[in-house]
Amino acid sequence: MTEAIAEQKDLALLLDYYRRMLELRLFELKVQELYRNARLPGFVHLYVGEEASGVGVCANLKPEDLIFSTHRGHGHAIAKGVPAKVALAELWGKTTGCSGGRGGSMHMYAPEYGFMGTNGIVGAPIPLATGGALSAKLRKSGQVVVGFFGDGAVNSGSFHEAVNMGSVWDLPIIYVCENNLYATEMAFSRATKNTSVASRAAAYGLPGVVVDGQDVLAVHRAAKEAIDRARSGGGPTLIECKTYRYVGHHEGDPGTDYRTKDEVEQWKKNDPIKRAAKVLLEAGLADEKKLKEVEAEVVQLMEDAVTFAENSPEPLASSVTDHVF
Ligand SMILES: Cc1ncc(C[n+]2csc(CCOP(=O)(O)OP(=O)(O)O)c2C)c(N)n1
Ligand SMILES: [Mg+2]
């Protein structure tokens, strides 16, 4: 295939990716609003700004493929196919949530969508995903597995141990580091001397790829290549998505003490959703009217999700010992 044809093929995906990224964005902004108005319980870390990573990776997976996620995982869940209303009901502690309202933000599971859970423990998704990939290989299931994690996880032993095992066993796995430059208030450049996550792949003999995490088609291309290789028995890849969170580490952190306003504004100028819109308009693949229509549909989807989740029942008190071993 010539490069021009490949580019046209990718562009044809962009309107769908634009919509998916908007779903992730508007879901999180709705969660923020509900949380700030004390309507939603719990503790949340939002994915605002990082949507191109989850969408560009997950859009290349099959429903039966598996992903393992982090504490910042609502976007991953929705990108893998968990309906927004089911994810929101989970945050709200309702029985209609994907984990019956018992998991909340950081223990949210939906295996029926190949979503193998958010995790409160930094670094945990890396060995968990490696185990999932070993299982897929032993079962000859044809599944590909993705483990998402942040820059804060790559100096933990779990990263080095699990990536080495994934490599030595040629597992069908993609390790996706969402490098948003900070782990809580700790800049990555303060926490580590080698700030290239992708370069660490060399230590374990697997390909390491760095990608502009604010460009959904760039993420898509890197992910597709890695996923195709993993599925055909070619082993794992480490992908480093360079990205940024616009919001604080969690709702409650203003996110202003350890980074400058200017830095945040610079990243916002490179917004993945705005960039996709610009490309769509320039390529004549959508006009302003079409983009507004898509946005209105997604806004409605979120309103419906709130109605669904808020009106769903709470678990019965008599069910308190269910699922307890
Ligand atoms: C093992 C462990 N250590 C510390 C924490 C506290 N903690 C929660 S999130 C976080 C930062 C994670 O940063 P990163 O992996 O870069 O993900 P990001 O929040 O940037 O998406 C820390 C230190 C934890 N949850 N688990
Ligand atoms: Mg980080």
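A crossing of two helices is called left-handed if the near helix is turned anticlockwise from the far one by less than a right angle, and right-handed if clockwise. The structure looked at here is a predicted model, in which local features need pLDDT of at least 70, side-chain atom pairs count only at pLDDT 80 or more, and totals for chains, interfaces and linings use all residues. Residues are numbered from 1 along each chain as its sequence is written, while chains are lettered from A and ligands numbered from 1 in the order in which they are written.

Take helices H6 (residues 125-139) and H7 (residues 157-168) to begin with; helices are DSSP runs of H or I, at least four residues, numbered from the N terminus. Their axes come within 8 Å and cross at roughly 15° (axes are lines fitted to C-alpha atoms over the stretch in contact, and angles run from 0 to 180 degrees between N-to-C directions). H6 and H7 are therefore roughly parallel, a label for angles under 35 degrees, with over 145 being roughly antiparallel, 65 to 115 roughly perpendicular and the rest oblique. The crossing of this pair is left-handed. Ile126, Pro127, Thr130 and Ala133 of H6 meet residues of H7 including Phe159, Ala162 and Met165, where contact means C-beta atoms, placed from the backbone, within 7 Å. By class, this contact has 7 nonpolar, 3 polar and 1 charged residues (Ala, Val, Leu, Ile, Met, Phe, Trp, Tyr, Cys and Pro count as nonpolar, Asp, Glu, Lys and Arg as charged, and the others, Gly among them, as polar).

Now for H2 (residues 14-36). Its 23 residues should span 33 Å, and the end C-alpha atoms are indeed 33 Å apart; the expected span is 1.5 Å times one less than the number of residues. Just after H2, Ala38 takes a positive phi of about 60°.

H2 packs against H13 (residues 288-311) at about 40°, with the axes 9 Å apart, so the two are oblique. Their crossing is right-handed. Among the residues in this contact are Leu22 and Phe27 of H2 and Val298 and Met302 of H13. The tally is 10 nonpolar, no polar and 4 charged.

H2 also packs with H3 (residues 51-58), at about 130° and again with axes 9 Å apart. This crossing is right-handed too.

As for ligand 1, 16 residues surround it, the closest being Arg72, Val122, Gly150, Gly152 and Ala183 (near means a C-beta atom, placed from the backbone, within 6 Å). The shell splits into 5 nonpolar, 9 polar and 2 charged residues.

Terms used. Two residues are in contact if their C-beta atoms, placed from the backbone, lie within 7 Å.
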